[in-house]
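Subject: Structure handover

Dear colleague,

Here is the structure you will be working with. My notes on what was found in it follow below.

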Amino acid sequence: MTPPSGFTAGTAAPPTGQGGAAPRAVAVKAPDPGEERRRARRSRRYRWDIKYSPYAFVAPFFVFFAAFGLFPLLYTGWASLHRVELTDPTHMEWAGWHNYSRLWDDEFFWNALQNTFTIGVISTVPQLLMALGLAHLLNYKLRGSMFFRVAILTPYATSVAAATLVFVLLFGRDYGMVNWALGTVGIDNIDWQNGSWTSQIAVSTIVIWRWTGYNALIYLAAMQAVPNDLYESAALDGASRWQQFVNVTIPSLRPTILFTVVVSTIGATQLFGEPLLFNGAAGATGGPDHQYQTLGLYLYEQGWVNLHLGRASAIAWTMFLILLLIAAVNAIVARRLRKSQ
């Protein structure tokens, strides 16, 4: 008997106890070449998916980073070595290190650097101290604690322009609420926008208001990660809540405190929106005497007001080098903290 197409004849094993019986032919299905190829293709696609899918998922980030991060960085570095105007950015005249050496003798650059430092200190130190205190209060079981956590984060979600315009009204010389409150205790009206220290304090107040809640939530998350056993042991030793905060909480938060200090310092170095909008008439000059002009404002003035793109690029790279120096100091301090633990 001829087996049907697609089958091959095989020999079945003789039944037990029936020695010498004639073998029985069994039909066995032959492998389908088309099905084997489809299985091979599916297996190959699966291996490719496992191997290359992660790269496809992260590729958009690198594309956008190259377009809006790496290319501007390299282009400004190249432009900082040339004399180039914003009105004709394709026409570049080689200047070497002239734009950088010019900053060394530029009194406005040093004034902007000093203002950036003072505003950074005035805004960062109170901001982080207040954030630490708020986080300590929120770390206890309070009724409606979720509401307070959302409330302190609200200033961070507020627009820089809207917040600054409100503070301009608050610090108004003649009709501002701050001067009205000071007048109730016998202090005369203060010209917050035209004074040197007063304008820097006013700008720092805006920064403090916007970022205190953000840092408080960071500290709160770090506090909740501190083991309760440490507080219980300190309480058994007779430590008060203040002693527990100083001797248990603060040492446990040292890496987090270092992180917020570095991030706040970087933010202060790049401060731009608040001083620009604080006195709309002054614009990028930072007041009539440049008393609160930061590095960000000075860069904007050179590049988009005076149209000196090469000088603005040199300022941008100087700010970038300052941030690298801050990052290096952070790495050194963090390494020492790890060794001391």
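Helices here are DSSP runs of H or I with at least four residues, strands are runs of E with at least two, and both are numbered from the N terminus. With that numbering, His290 falls in the loop between helix 11 and helix 12, the latter being residues 295–305. Please keep in mind that this is a predicted model.

Overall picture

The protein chain has 13 helices and four strands. Its radius of gyration is 34 Å, well over the 20 Å that the globule rule gives for 341 residues, so the chain is more spread out than a compact globule. Along the principal axes, the C-alpha trace spans about 125 × 75 × 40 Å. Of the 341 residues, 33% count as buried. The chain exposes about 21600 Å², and carbon and sulfur atoms supply 66% of that area. If one takes the contacts between residues at least 6 apart in sequence, 63% of them join residues at least 24 apart.

The hairpin

Strand 3 (residues 82–85) and strand 4 (residues 88–94) run antiparallel and are joined by three bridges. Two residues lie between these strands, and the pair forms a hairpin. Glu85 of strand 3 stands opposite Asp88 in strand 4. Strand 3 has two faces: His82 and Val84 make up the covered one, while Arg83 and Glu85 make up the uncovered one.

Helix 5 and its partners

Helix 5 covers residues 160–170, and its buried residues are Ala163, Thr164, Phe167 and Val168. Why do they fall on the same side of helix 5? They cover an arc of only 140° around the axis, which puts them there together. The buried residues of helix 5 pack against helix 7 (196–224) and helix 11 (273–278). At the start of helix 5, a side-chain oxygen of Ser159 comes to within 3.3 Å of the backbone nitrogen of Ala161.

Glu274 belongs to helix 11. Is this residue buried or exposed? Glu274 has 5% relative accessibility, and the cut-off for buried is under 20%, so Glu274 counts as buried. Leaving out residues up to four places away in sequence, Glu274 touches Val160, Thr164, Val203, Ile206, Val207 and Arg210. Thr164 is also one of the buried residues of helix 5.

Gln200 and the loop after helix 11

Gln200 sits in helix 7. Its relative accessibility is 4%, so Gln200 counts as buried. Residues up to four places away in sequence aside, the residues that Gln200 touches are Asn115, Thr118, Ile119, Ile122, Gln291 and Tyr292. With Gln291 there is a polar approach as well: a polar atom of the Gln200 side chain lies 2.8 Å from the backbone oxygen of Gln291. Ser159 is 41 residues from Gln200 along the chain, and the C-alpha atoms of the two are separated by 20 Å.

His290, in the loop described at the top, has a phi near 55°, which is a positive value in a residue other than glycine. With a relative accessible area of 16%, His290 is buried.

Helix 12 to helix 13

A positive phi is also found at Leu307, where the value is near 65°, again in a residue other than glycine. Leu307 lies in the loop between helix 12 and helix 13 (309–340). This residue counts as partly exposed, at 27% relative accessibility.

Which residues does Gln302 contact, leaving aside its neighbours within four places in sequence? They are Leu307, His308, Arg311, Ala312 and Ile315. Gln302 is in helix 12, and its relative accessible area of 6% makes it buried.

Ile332 is placed in helix 13. At 43% relative accessibility, Ile332 counts as partly exposed. The C-alpha atoms of Ile332 and Thr260 are separated by 16 Å, with their positions 72 residues apart along the chain counted as the distance apart.

Best regards

Key. Residues are numbered from 1 along each chain as its sequence is written. This is a predicted model: local features need pLDDT of at least 70, side-chain atom pairs count only at pLDDT 80 or more; totals for chains, interfaces and linings use all residues. Side-chain values use heavy atoms; hydrogens and water are left out. Buried means under 20% relative accessible area, exposed over 50%, partly exposed in between (1.4 Å probe, protein chains only). The arc is that of the directions from the helix axis to the C-beta atoms. Contact means heavy atoms within 4.5 Å. A polar contact is a pair of N or O atoms within 3.5 Å; within protein, one must be able to donate a hydrogen and the other to accept it, and residues adjacent in sequence count only if both atoms are side-chain atoms. Two strands pair if DSSP finds at least two bridges between them. The radius of gyration is taken over C-alpha atoms; the globule rule is 2.2 Å times the number of residues to the power 0.38. Accessible areas come from the Shrake-Rupley method with a 1.4 Å probe; for residues, only the protein chains shown count as cover.
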